[in-house]
Amino acid sequence: MTNTIADIELSDVILVTGSNTTENHPVLSTFIKRAALKGKTVIVVDPRKIKLTEHAQKWLRPNPGTDIAWINGLMNVIIEENLQNDQFIKGRTEGFEEMAAVVKKYTPSYVEEITGIPANEIIETARLFATADKASICYCMGITQHTCGTDNVKSLANLSMLCGHLGKPGGGVNPLRGQNNVQGACDMGGLPNVFTAYQKVDDPTVIKRYETAWDVSGLSPKPGLAVTEMIHKAEKGEFKSLYIIGENPLVSDPDLNHAEKAFKNLEFLVVQDIFLTETAQMADVVLPSFCFAEKDGTFSNTERRVQRVRKAVEAPGFTREDWRITCDIANKMGANMHYNSAKDIFEEIRKLTPSYAGITWDRIETKGIHWPCPTIDHPGTPILHTAQFTRGKGLFHAIDHQPPAELPDADYPYILTTGRVIYHYHTGSMTMKSDGLNKMSPECFVEISPNDAAKLNIDDGEMVEVFSRRGKIKAKLAISHKAVDGTIFIPFHFAQAAANRLTNSKLDPVAKIPEFKVCAITIKKAA
Amino acid sequence: MTKENIITIDNKEFAFEPGETILEVARRNDIFIPTLCHLKGTTPTGACRICVVDVKGARDLVPSCAYPASNGMIVKSESPAVIKARKNIIQLMLASGNHNCAIRQFEPDEWTQFHLKVLKEDNYNELCPVWGDCQLQDLAYRYQVITKALPVSDSKYPMETVNPFIIRDFSRCILCGRCVQACREIQVNNAIDFGYRGAKAKIVAGADVALKDSDCVFCGECVQVCPVGALVPKETFENKKRFEKSKKVRTTCSYCGVGCQMDLTVQDNKIVEINGAEDAEPNHGSLCVKGRYGYNFVASPERLTTPLIKKDGKFQEATWGQAFELVASKFMEIKSKYGADSMGVLTSARVTNEDNYIAQKFTRSVLKTNNIDHCARL
């Protein structure tokens, strides 16, 4: 997030898109709902009639996979009506002309054709957003999980810059991170192209710094593979071993039938986890680790706040901390990775991670600090880009609408979009151990609109089979007013009826994120 | 601060900001004023009147939670009239329902004896599940309220136990309305409200249905703010938990990326309850159903407890020594046979920064490849 969670309540207009906030970030959603209660304007742009629409002044319902079009449409109106923030554009950005040239053709009526959002709604929303004193954008995987996910995000940044809603309280472009420490995993260099704090692996100066600090030589200057690429390669037999720490790709990855084949092709699979997950069951070696309540350490939340994790209970059996297991493997292979505690590791992180350099465990004992925090007396940075952007000037990107990789046709006439429910978390390895949560959400369901259900002549609660070009699953039909005609929603949590047997593994070329939010399916009553 | 904004509480002068209530000024200056219905961040309702204070010149005692401070105002926080009023309110509350926390039956000097007896026997059937952790009980003790002479009221409504998380015991509800404020103004789930009138008043979900059939999403905010034993986590109730034997540990929630701060109540090496940390950003006490009630996985019997090595398609328990030997030798073999770039590591958005840092250090400096990633995209 460019801004903080608390900042959301300061906004006059909050645009929420591609985020089912009340189910996936329930506590964050309270900030949005409270803002609405206090008379602030909430605008939801989402193909499903999610719970948050009940709190919204406006709900725009785009066809799945048409985000660039509606965002360009808003910008078209803003520029046509001269509502843009000229001072911000002139002083803090570049590339406006090129962007404006592309946006010109996205008139409200053209956008209505692509997105299905009525032209007058585009116009009204554009005015609301542009004329607000402070407007924030909150988005999540409904924006990113597309083959054009990167361009979707850039489009939102365009929109915010156009109105000068960045770099101040109550504004910002705010991705809501889904997992407790997904921000931290990225910050720590758990990515194929960067070390900690996004320092490039192919930068010779950076390599030298790490070789010196780690007392090693020969670090690879070649950016590595993203998980989705590793799996594609494994399927072709070009990838030999995987060491998986605390992840369950055999439920969470797209096109599972292919992913399973890829995993079988591996020569050696090590899985380190707290449970014998679907993925762990395929491993050659399983290493048992601590869960969060047994560990000391830090997590970095969606607002870049580094916070303490504290040991509350003793771990069971012969389990060990994740970092200790990894260090032991490393040392067995001849390395020299010895630490007494997680705190020692954090001290090493500080030395190599400029944005964390000023953060110590003592400083975050009672209250977390937002990175970047370069020095020990720096208060942290709750709001990014207040004076300038990371690259200096904010760059407008000229982006055209691109349709999803797979659209409905005669054989597969419905769009499938996947997501989550409030009572479960990711692949359910934790939440499905709770009887209460299981009682509230016992099994997979296929959410369909009343019209589509009538057309198919299937009743609520009946078992259906859902097919895509890649696989099939069987689950209960759930008729819901949340659903749009022509679009089916299935939560991906449930291994028994894994929605990811159906999904498309086509990737965004930059972020390598799969297109979970759109693929073509067909549906019929189970035999 | 201008000279205009001065209020006198208990003979001491305090500056205040225009718009601050008497209660806020008092709290800021460590002056005790009890509250039951007051909930920070929500509209004051003045429903319970336990916070009344004596304001010089006012006709009646005034509820300090809803009464703005004004210049020259002279306040007594615990005058004889205030104490009398509070005793009266507490007495009526205790008499209104099933508050068998010992104050009812005993004179003050007998109370300690009963306290010790209950601790020894720890019997829930006799006692309220929040005994020892109840704001009404604390106040009854502070003001030494005896309700021996008052009749015991039967509950007008049966206990609701049909959802997996929350026990609603209407016999202990004092109708302070904090739960309603929490649901409507903090979580904004609008699941519960006041229903019926007068003596039949009740906190209802929807059109007086069970919570599970209402808009409730079991965030548990109402349970956390309930000052008495009307709303209790089902597990606490069933496990007969006593706070005396437990410790609290502040940590960060391990579900979504919001990073809620929470206090784990731990007893006998088990998490027995989780509450949102009220004094901490970003959540100020709020949690969701997963964060508050989804902790069973920690002590699950399905946890892995020992390394496993697969032999002929079946897992066999192994020692760490055997596991490390096998993993290290296989990694080295594959690296020399196919090259480092045929190997990869998936680190995790679930583990700590320290765990992640070590995973990438291992991948880059030991395996010597940049094939490291995690499920940020999934």
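Several elements cover the buried residues of helix 16 of chain A in this predicted model. Among them are helix 11 (204–214), strand 10 (297–300) and helix 15 (322–332) of chain A. Chain B contributes too: helix 10 (353–367) of chain B is part of the cover.

Which residues of helix 16 are buried? Helix 16 of chain A spans residues 342–352, and its buried residues are A:Ala342, A:Ile345, A:Phe346, A:Ile349 and A:Leu352. They lie on the same side of helix 16 of chain A, because they cover an arc of only 125° around the axis. The spacing fits a general rule. An α-helix has 3.6 residues a turn, so residues three or four places apart point the same way.

Now turn to the contact between the chains. Chain A gives 124 residues to the contact, and chain B gives 98. On the side of chain B that touches chain A, helix 10 of chain B supplies the largest share, with 13 residues. This is the helix of chain B that helps to cover helix 16 of chain A. By residue type, the side of chain B that touches chain A holds 53 nonpolar, 28 polar and 17 charged residues.

Strands also link the two chains. Strand 9 of chain A (residues 285–288) and strand 13 of chain B (residues 308–311) run antiparallel, joined by two bridges. Here A:Val286 faces B:Leu308, which belongs to strand 13 of chain B.

Next comes a sheet within chain B. Its five strands follow the order 2-1-5-3-4, and the sheet is open with mixed pairing. Which strands stand at the edges? They are strand 2 (12–15) and strand 4 (62–63) of chain B. Each has a single partner strand, so one side of each is left without a neighbour in the sheet.

Follow strand 3 of chain B, residues 52–55. It pairs with strand 5 of chain B (residues 74–76) in the antiparallel sense, over two bridges. B:Asp54 has B:Lys76 in strand 5 of chain B as its bridge partner. Strand 3 of chain B also pairs with strand 4 of chain B, again antiparallel and over two bridges. In that pairing B:Val53 stands opposite B:Val62 of strand 4.

Strand 3 and strand 4 of chain B form a hairpin with six residues between the strands. In this hairpin B:Gly57 takes a positive phi near 95°.

One helix completes this part of the picture. Helix 2 of chain B (residues 80–95) lies across strand 3 and strand 5 of chain B. Helix 2 runs at about 160° to strand 3 of chain B.

Note on methods
Residues numbered from 1 in each chain as written. Chains lettered and ligands numbered in written order. Predicted model: local features only at pLDDT ≥ 70, side-chain atom pairs only at ≥ 80, totals over all residues. Buried ≥ 20, exposed ≤ 12 C-beta atoms within 10 Å, placed from the backbone. Helix = DSSP H or I, 4+ residues; strand = E, 2+ residues; numbered from the N terminus. Arc of directions from axis to C-beta. Contact = placed C-beta atoms within 7 Å. Nonpolar A, V, L, I, M, F, W, Y, C, P; charged D, E, K, R; others polar. Pairing = 2+ DSSP bridges. Axes fitted to C-alpha atoms, helices over the stretch in contact; angles between N-to-C directions.
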